[in-house]
Amino acid sequence: MPLTQTYADGYLAALVTVDRETRATADVTALGTFPAAWVTRLVILRAYVLVCIECQKSPDDTFGAKLSSYRKEYAEALPQARAAQQAADLAADGVSLGVSSIFTVALERG
C-alpha cells in the first residue's frame, strides 16, 4: 500500500513508512475533525515526529534536532487547525464571520 501524503523533507521522507503514516493519521483523527488541508499538514508533521522519535539514537543527532523543530511546528499548527475547523463550523451554520452579529435589538414603534 503506498503512502497517501507527499513528504517534502528529503532527510525524513524515505523513513516515513505506511505504518508510521497510519499511526500519524490515527493520532490526528483522535484529536478531532479538521479541514482537509489541515489534516494533511498535521499528518505529515506527526509522521515526521514519529520518524524522529523512532530513529533518534542520541539527543544531539540530526533526528533530535529535527524532532525539536517538527514538534514545535506541530504544536503551532494544531491550534490553527482547530480555529480553521471552528470557522468552517460557523460558516456551515450560516454565520458569516465578521458580518453577522449574535446580538439583535428589537425595534418597536411607539
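What covers the buried residues of H2? Helix H1 (18-31) and H3 are among the elements that do, and the views below take that packing piece by piece. Bear in mind throughout that this is a predicted model.

**View 1. The whole chain is a run of helices, in the pattern α-α-α.** The protein chain has 3 helices and 0 strands. Of its 110 residues, 29% are buried. Take the contacts between residues at least 6 apart in sequence, and 60% of them join residues at least 24 apart.

**View 2. Here is helix H2, residues 36-55, on its own.** H2 has 20 residues, and from its first C-alpha to its last it reaches 28 Å, close to the 28 Å expected at 1.5 Å a residue. Its buried residues start with Trp 38 and Leu 42, carry on through Val 43, Ile 44 and Leu 45, then take in Ala 47, Tyr 48, Val 49, Leu 50, Val 51 and Cys 52, and finish at Cys 55.

**View 3. H2 packs against H3 (residues 62-92), with axes that come within 9 Å.** The two axes cross at roughly 155 degrees. That is over 145, so H2 and H3 count as roughly antiparallel to each other. The crossing is left-handed. On the H2 side, look for residues including Trp 38, Leu 42, Leu 45, Val 49 and Ile 53; on the H3 side, the residues they meet include Phe 63, Leu 67, Tyr 70, Tyr 74 and Ala 81. Sort the residues of this contact by type and you get 17 nonpolar, 1 polar and 5 charged.

**View 4. H1 meets H2 at a slant, with axes within 8 Å of each other.** This pair crosses at roughly 125 degrees, and H1 and H2 are therefore oblique to each other. The crossing is right-handed. H1 brings Arg 20, Glu 21, Arg 23, Ala 24, Thr 25, Asp 27 and Val 28 to the contact, while H2 brings Leu 42, Val 43, Arg 46, Ala 47, Leu 50, Val 51, Glu 54 and Cys 55. The split for this contact is 8 nonpolar, 1 polar and 6 charged.

**View 5. Zoom in on Val 51, a residue of helix H2.** Val 51 is buried, with a relative accessible area of 0%. Which residues touch Val 51, leaving aside its neighbours within four places in sequence? They are Leu 12, Leu 15, Val 16, Arg 20 and Phe 63. One of these, Leu 15, is 36 residues away from Val 51 in sequence, yet their C-alpha atoms are 6.5 Å apart in space.

**View 6. Helix H3 has 31 residues.** At 1.5 Å a residue H3 should span 45 Å, and its end C-alpha atoms are 44 Å apart, which agrees. The buried set in H3 is Phe 63, Gly 64, Leu 67, Tyr 70, Tyr 74, Ala 77, Leu 78, Ala 81 and Gln 85. H1 and H2 are among the elements covering these residues.

**View 7. Our last stop is Gln 86, also placed in helix H3.** Is Gln 86 buried or exposed? Gln 86 is exposed, with a relative accessible area of 54%. Its C-alpha is 8.7 Å from that of Phe 34, though 52 residues separate the two in sequence.

Methods:
Residues are numbered from 1 along each chain as its sequence is written. This is a predicted model: local features need pLDDT of at least 70, side-chain atom pairs count only at pLDDT 80 or more; totals for chains, interfaces and linings use all residues. Side-chain values use heavy atoms; hydrogens and water are left out. Axes are lines fitted to C-alpha atoms, for helices over the stretch in contact, and angles run from 0 to 180 degrees between N-to-C directions. Helices (H or I, at least four residues) and strands (E, at least two) are DSSP runs, numbered from the N terminus. Angles under 35 degrees count as roughly parallel, over 145 as roughly antiparallel, 65 to 115 as roughly perpendicular and the rest as oblique. A crossing is left-handed if the near helix is turned anticlockwise from the far one by less than a right angle, and right-handed if clockwise. Contact means heavy atoms within 4.5 Å. Ala, Val, Leu, Ile, Met, Phe, Trp, Tyr, Cys and Pro count as nonpolar, Asp, Glu, Lys and Arg as charged, and the others, Gly among them, as polar. The expected span of a helix is 1.5 Å times one less than its number of residues. Buried means under 20% relative accessible area, exposed over 50%, partly exposed in between (1.4 Å probe, protein chains only).
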